[in-house]
Amino acid sequence: MIKIAHPLDSKSCYLQRVKVDSDAKFLFDLLKERDARANISHKKMPSYNSHVQFIKSEPYKRWYIIYVRHWIDKPHRYDKEKVGSIYLSKNDEIGIFISKKFHGKNIGKYALNELMKKWPRKRFLANVNPKNKKSIQFFKNNNFKLIQYTFERTEQK
Ligand SMILES: CC(C)(COP(=O)(O)OP(=O)(O)OC[C@H]1O[C@@H](n2cnc3c(N)ncnc32)[C@H](O)[C@@H]1OP(=O)(O)O)[C@@H](O)C(=O)NCCC(=O)NCCS
């Protein structure tokens with residue numbers, strides 16, 4: 001696994017816009033990793049084709065891949081790896097997903113702050129599944145406050 005710098009900085013962790021051709025497979029694998037706790041809108045896996053169509057539809061204001069970089073021989077040689085994705089929706093909602101093996105290394109915190117710096121807003125929102133204790137704690141730690149409970153009623157059979 002790539003070595004993660006501590007503390008992270010703009011050279012060791014950065015965001016790059018999602019490109020369909022080079023990122024669809026990574027985003028599909030990330031989606032597979034997400035268990036039911038992390039999911040609200042996405043309940044079962046889409047086909048690869050509809051996943052690609054979804055990316056092409058430009059569903060968000062901005063959607064980025066989170067990269068980490070490890071210097072082997074600064075400034076000439078380095079390794080880099082995709083570790084997650086983060087988006088800002090058209091309604092200023094943030095969604096963030098880090099691959100499990102990279103959890104707890106401050107990448108989420110760093111990427112969240114980078115996104116908010118790139119897109120300054122009076123307020124940001126985040127929709128979190130109430131069963132997902134880790135991400136509730138994550139947003140609380142990053143100064144988000146709970147403002148509503150949203151109920152859903154689906155088709156009754
Ligand atoms: C929520 C999520 C984005 C957090 O990302 P992360 O990179 O693990 O977060 P960070 O490392 O910045 O912070 C995690 C906190 O847990 C602590 N932690 C320590 N060890 C940890 C571990 N092994 N695993 C997870 N968290 C750990 C960190 O110290 C940190 O606490 P702090 O904020 O008080 O310092 C990530 O868990 C995730 O992608 N979850 C699945 C998707 C999801 O639920 N997304 C939210 C809905 S939009």
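The following questions and answers walk through a predicted model, from its strands to its ligand shell and its unusual backbone angles.

Residues are numbered from 1 along each chain as its sequence is written. Because the model is predicted, local features are given only at pLDDT of at least 70 and side-chain atom pairs only at pLDDT 80 or more, while totals for chains, interfaces and linings use all residues.

Me: In which sense do β2 and β3 pair, and over how many bridges?
Reply: Helices (H or I, at least four residues) and strands (E, at least two) are DSSP runs numbered from the N terminus, and two strands pair if DSSP finds at least two bridges between them. A hairpin of three residues joins β2 to β3, and R62 stands opposite L88 in β3. The two strands pair in the antiparallel sense, over 11 bridges.

Me: Which residue of β2 is the bridge partner of C13?
Reply: β1 covers residues 13-17 and β2 covers 62-73. Five bridges join these two strands, which run antiparallel. The bridge partner of C13 in β2 is V68.

Me: Which residue in the hairpin of β3 and β4 takes a positive phi?
Reply: Strand β3, residues 77-88, pairs with β4 in the antiparallel sense over five bridges, and L88 stands opposite I94 in β4. The hairpin has five residues between the strands, and the one with a positive phi, near 65 degrees, is D92.

Me: Which side chains of β4 point to the buried face?
Reply: A residue is buried if 20 or more other C-beta atoms lie within 10 Å of its own, exposed if 12 or fewer, and partly exposed in between, with C-beta atoms placed from the backbone. Along β4 the side chains alternate, and G95 and F97 point to one face and are not buried. Those that point to the other face and are buried are I94, I96 and I98.

Me: Which elements give two or more residues to the largest nonpolar core?
Reply: A nonpolar core is a set of buried Ala, Val, Leu, Ile, Met, Phe, Trp, Tyr and Cys residues joined through C-beta atoms within 7 Å. The largest has 18 residues, of which C13, Y64, I66, I86, I96, I107 and A111 touch the most other members. The elements that give two or more residues to this core are β1, β2, β3, β4 and α3.

Me: With which residues is I66 in contact, leaving aside its neighbours within four places in sequence?
Reply: Two residues are in contact if their C-beta atoms, placed from the backbone, lie within 7 Å. I66 is among the core residues that touch the most other members. Leaving aside the neighbours within four places in sequence, its contacts are L15, V83, G84, S85, I86, I107 and A111.

Me: Which residues of α3 are buried?
Reply: The helix α3 has 12 residues and reaches 16 Å from its first C-alpha to its last, close to the 16 Å expected, where the expected span is 1.5 Å times one less than the number of residues. What covers its buried residues includes β1, β2, β3, β4 and α4. The buried residues of α3 are I107, G108, Y110, A111 and L112.

Me: Which residues come nearest to the ligand?
Reply: A residue is near a molecule or strand if its C-beta atom, placed from the backbone, lies within 6 Å of it. β4 (94-98), α3 (107-118) and α4 (133-141) each supply at least two residues of the shell around the ligand. Of the 20 residues around the ligand, those that come nearest are H103, G104, G108, K109 and S135.

Me: Where are the cis peptide bonds that precede P7 and P75?
Reply: Most residues other than glycine have a negative phi, and most peptide bonds are trans. P7 lies in the segment before β1, and P75 lies in the loop between β2 and β3. The cis bonds run from H6 to P7, with omega near 0 degrees, and from K74 to P75, with omega about -5 degrees.

Me: Is N143 buried or exposed?
Reply: N143 is found in the segment after α4 and has a positive phi of about 70 degrees although it is not a glycine. Because 7 other C-beta atoms lie within 10 Å, N143 is exposed.
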